[in-house]
Amino acid sequence: MAHHAGKDAAIPLLTPYKMGQFDLSHRVVLAPMTRCRSYGGVPQPQAAVYYSQRATRGGLLISEGTVISPDSMGYPEIPGIWTQEQVEAWKPIVDAVHSKGALFFCQIAHVGRVYTTEIKTDEPAPISSTDKAVTPDDEAGIVYPKPRGLRIDEIPHVIEDFSRAARNAIEAGFDGVEIHGAHGFLLEQFMKDSANDRTDEYGGSLENRCRFVVELVDSVVNEVGAHRVGIRLSPFVDYMDCVDSDPEGLASYLVEQLNKHQGFLYCHMVEPRMAIVDGRRQIPHGLLPFKKAFNGTFIAAGGYDREEGNKVVSDGYADLIAYGRLFLANPDLPRRFELDAPLNEYDRSTFYTQDPVIGYTDYPFLDGENYSSSAPDVSIE
């Protein structure tokens, strides 16, 4: 991605950035988003179209949450990376992204107790830090099964599943992995005091509640190297009955632990819930202390638009900005940001459907095409 002289100052989001050993040409990151198009847990060819549509030279894409074992799949038709079949299915998808000159990280995840009854209705129970179920979502008609708390002797096996998934991701060609430590999934079920009611060494104090994720990070780093590992955290978010009484303390402790790994690549953190000020949504901007404390690349996410993204990059509040729904609906988002072009509106009703095209690869580019069969090489000149 090339820039005209003087344009970088005007568009901070489109300035180059060095992320560890990786050279990025802009700061606009594809956020990890569940898309439910991986039939039978195996990524499909249409994912190569979807991701390559959103790939630009020197851009960073993070995959949808990709689960690490059969018992970690809590939503319909989400991808895994624990079998050789899944690894082989990811390879052409990764190749399609790399052919556009982009970087691709695989988000590895375990949902823990966040199973919908559509997926799991009987034994064995989903695993968690606790035997407390997530509160039913009566409005959506969703009931979450009662989980069982992991025994201490089982925890190393789950950690090994994450490490194997990381190893598999590198075999599939991914440039690195992002550990999913956010949004009420298994890691948060241990970390946050609303969910963790354990009385052993994995419960109680902040250090004990974070022990699982600290050990897991150690293991993944040992497997593939700190320079290939990032983590996504949402300490301020209250989701799936996971909320912490001291989110600042939790975030500070986690950053401190990540810094123990020399070269740990990035910390991807979700903003506190947006406030409404004068009728307009306003991002709280509560992450600066953690950006300052973290030694690696800091990625912020949570409701950003072009104006807000440019501002926080310019201010040094974050190094990179992850975009979810805007990038879903605008496969050429970096180019639209460069031109300050109008954005497609996203269709929430198709976020999690299983159609291989509609709401997935059919959002139009600026030139009016949708490239649902092949993606152009979007480069900013």
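1. A disulfide is taken here as a pair of cysteine sulfur atoms within 2.5 Å. In this predicted model, the number of disulfides under that criterion is zero. Cys106 takes part in none, and the cysteine sulfur nearest to its own, that of Cys36, lies 16 Å away.

2. Cys242 can be judged in the same manner. Its closest cysteine sulfur belongs to Cys210 and is 12 Å away, so the two are too far apart for a bond.

3. The surroundings of these two cysteines also deserve a remark. Cys106 has a relative accessible area of 0% and is therefore buried. Cys242 likewise counts as buried, because its relative accessibility is 0%.

4. Helix 4 (residues 155-171) packs with helix 6 (residues 206-224) at an angle of about 35°, and their axes are 9 Å apart. The crossing of helix 4 and helix 6 is right-handed.

5. On the helix 4 side, the residues in contact are Ile155, Val158, Ile159, Phe162, Ser163, Ala166, Arg167 and Ile170. From helix 6 they are met by Phe212, Glu215, Leu216, Ser219, Val220, Glu223 and Val224. Sorted by class, this contact comprises ten nonpolar, two polar and three charged residues.

6. Glu308 belongs to helix 9 (residues 306-315). Its relative accessibility is 14%, and Glu308 therefore counts as buried. The side chain of Glu308 has a polar contact with the side chain of His285, at 3.1 Å.

Notes. Residues numbered from 1 in each chain as written. Predicted model: local features only at pLDDT ≥ 70, side-chain atom pairs only at ≥ 80, totals over all residues. Heavy atoms only, no water. Helix = DSSP H or I, 4+ residues; strand = E, 2+ residues; numbered from the N terminus. Buried < 20%, exposed > 50% of the residue type's maximum accessible area, 1.4 Å probe, protein only. Polar contact = N/O pair within 3.5 Å; in protein donor to acceptor, adjacent residues only side chain to side chain. Axes fitted to C-alpha atoms, helices over the stretch in contact; angles between N-to-C directions. Left-handed = near helix turned anticlockwise from the far one by under 90°. Contact = heavy atoms within 4.5 Å. Nonpolar A, V, L, I, M, F, W, Y, C, P; charged D, E, K, R; others polar.
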